[in-house]
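Please read the following explanation alongside the sequence and the coordinates, moving from one residue to the next and then to a pocket.

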Amino acid sequence: MNKEQASPYGQELRRMRADLLSRIELHRGGDRSRAEATADHFGHPEDSPAQVATEKDLELAIGDHEMVELNAINAALTRIDLGTYGECTDCGVDIPPARLDVAPQTPRCIHCQEAFEKH
Ligand SMILES: [Zn+2]
């Protein structure tokens, strides 16, 4: 797919990236207020350490997911620049536009994605 054909997807990808970055900002803001709330409760024995650890793990998992998504969006924008956008990065087949409409950041055709997720 040439740059002109990929242009609408590029616009969508940039919009998605802006959304994601503002979500990450919001998430960091949430961290700050949660840290304050934790400080308020400091010394209260009913806040078990196990519960605190679980919440922290969840927070880290959300952060990882956002980073993976951000990387996928950036990689897709790079492929638009290179003129390889819309081709499966594994087998080189043209990814159907219907799939790109739903997930413009996707690097793989549905078959390679399924194979990738099994590993
Ligand atoms: Zn493929």
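**From a proline to a pocket**

Pro 8 is partly exposed, with a relative accessible area of 48%, and this value belongs to a predicted model. The label follows from the cut-offs, because partly exposed covers what lies between buried, under 20%, and exposed, over 50%. Along the chain, Pro 8 is placed in helix 1, which runs over residues 3-40. In sequence, Pro 8 and Pro 104 are separated by 96 residues, whereas in space their C-alpha atoms are 9.7 Å apart.

Another residue to consider is Gln 113, which sits in helix 4, spanning residues 110-118. Gln 113 has a relative accessible area of 15% and is therefore buried, since the term applies under 20%. Once the neighbours within four places in sequence are set aside, the contacts of Gln 113 are with Arg 99, Thr 106 and Arg 108.

Gln 113 also leads to the second largest pocket, where it is one of the residues nearest the centre, together with Val 68, Ala 72, Gln 105 and Pro 107. The volume of this second largest pocket is about 260 Å³, and its lining consists of 13 residues. By class, the lining of the second largest pocket comprises 5 nonpolar, 4 polar and 4 charged residues.

Which helix gives the largest share of the lining of the second largest pocket? That share, 4 residues, is supplied by helix 2, which covers 49-82. Helix 2 and helix 4 each contribute at least two residues to the lining of the second largest pocket.

Key:
Residues numbered from 1 in each chain as written. Predicted model: local features only at pLDDT ≥ 70, side-chain atom pairs only at ≥ 80, totals over all residues. Heavy atoms only, no water. Buried < 20%, exposed > 50% of the residue type's maximum accessible area, 1.4 Å probe, protein only. Contact = heavy atoms within 4.5 Å. 1 Å grid on protein atoms, 1.4 Å probe; cavity = no way out; pocket = protein on both sides within 12 Å on 5 of 7 lines; lining within 4 Å. Points joined across faces, edges and corners; volume = space filled by probe spheres on them. Nonpolar A, V, L, I, M, F, W, Y, C, P; charged D, E, K, R; others polar.
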